[in-house]
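Dear colleague,

Please find below the structure that I am handing over to you, followed by a summary of what was found in it. Kindly note that it is a predicted model.

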Amino acid sequence: MADQLFKKRRAKKAAELSRQQAKRESYDKVLIVCEGTKAEPNYLNEIKDELKLSTANVSIAPSPGSDPLSVVEHAEALVNQQSRQKHQDNYDRVFCVFDKDEHEQHGNRYSKALNKISQIKVKGVTFATITSNPCFEVWPVLHFEPRTAPFLPSGKRTAAQELVHHLSQYLPGYEKGRQGLYSQIKGQTKQAITFAKRLEQQNQKSGSDNPTTEIHVLVEYLYQLKNR
């Protein structure tokens with residue numbers, strides 16, 4: 001009797017765990033690897049939750065390294081690891097999210113990352129970079145203004161720190177990785193996408209990349225993911 005009760009409980013628990021496991025939906029399976037451990041993952045996870053995207057389809061992972069090349073290498077390792085899993089679909093698309101910031105001044109890690117990702121060939125998997133210069137915060141700034149002037153070092157502040165300081169004019173007390181960023185600025189997302197595309201066109205004409213961001217490309221992709 002006790003044995004039957006134990007088996008019933010075990011079966012019930014197994015059924016509950018099965019229901020809790022994420023279900024792969026029909027849309028793309030996506031891996032997003034971020035250089036930042038807080039700012040980008042927090043923001044993107046908020047979008048993922050808002051859109052109710054399946055965790056079986058969209059994985060957002062911070063890189064253990066702190067530079068662009070480490071992001072690309074980690075993404076490649078995760079894809080190779082996934083390809084070795086039996087009964088598991090590999091990713092359809094992989095996005096590597098990182099900043100230019102000061103990485104180009106320290107061993108050309110930014111350029112090396114761009115070169116590395118262009119050389120990765122995995123059947124059925126499309127790799128892409130989502131870059132910002134100086135850093136991710138260009139994207140939230142574009143929710144408030146059509147910024148085109150470059151962010152430059154000033155005093156003891158780096159260009160990235162100048163950008164964060166500028167953003168704090170719109171979001172008082174802003175710190176990298178703050179929770180709830182998406183909910184604070186999502187009402188201006190459409191405007192930010194328009195400003196980002198306009199900035200992209202201007203940079204192509206001028207040959208400049210400060211400021212720049214491709215976060216809008218990833219945001220639009222996630223917004224449209226269920227319809228792909």
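**A helix pair and a strand within a sheet**

Helix α8 (residues 189-206) and helix α9 (residues 215-224) have axes that come within 10 Å of each other and cross at roughly 135 degrees. Helix α8 is therefore oblique to α9, since an angle would have to be over 145 degrees to count as roughly antiparallel. The crossing in which α8 passes α9 is left-handed. On the α8 side, the contact is made by Thr189, Ile193, Ala196, Lys197 and Glu200; on the α9 side, it is made by His216, Val219, Glu220 and Tyr223. By character, the residues of this contact divide into four nonpolar, three charged and two polar.

The second topic is strand β3 (residues 93-99) and its pairing with other strands. Of the seven residues of β3, six are buried, so the strand is largely enclosed by the rest of the structure.

Strand β3 pairs with β1 (residues 30-34) through five bridges, and these two strands run parallel. In this pairing, valine 30 stands opposite arginine 93 of β3. Strand β3 is also joined to β4 (residues 126-133), here by seven bridges, and this pair likewise runs parallel. Valine 97 stands opposite isoleucine 130, which belongs to β4.

In viewing the model, you may wish to begin with the contact between α8 and α9 and then turn to β3 with its parallel partners β1 and β4.

Yours sincerely

Technical notes:
Residues are numbered from 1 along each chain as its sequence is written. This is a predicted model: local features need pLDDT of at least 70, side-chain atom pairs count only at pLDDT 80 or more; totals for chains, interfaces and linings use all residues. Side-chain values use heavy atoms; hydrogens and water are left out. Axes are lines fitted to C-alpha atoms, for helices over the stretch in contact, and angles run from 0 to 180 degrees between N-to-C directions. Helices (H or I, at least four residues) and strands (E, at least two) are DSSP runs, numbered from the N terminus. Angles under 35 degrees count as roughly parallel, over 145 as roughly antiparallel, 65 to 115 as roughly perpendicular and the rest as oblique. A crossing is left-handed if the near helix is turned anticlockwise from the far one by less than a right angle, and right-handed if clockwise. Contact means heavy atoms within 4.5 Å. Ala, Val, Leu, Ile, Met, Phe, Trp, Tyr, Cys and Pro count as nonpolar, Asp, Glu, Lys and Arg as charged, and the others, Gly among them, as polar. Buried means under 20% relative accessible area, exposed over 50%, partly exposed in between (1.4 Å probe, protein chains only). Two strands pair if DSSP finds at least two bridges between them.
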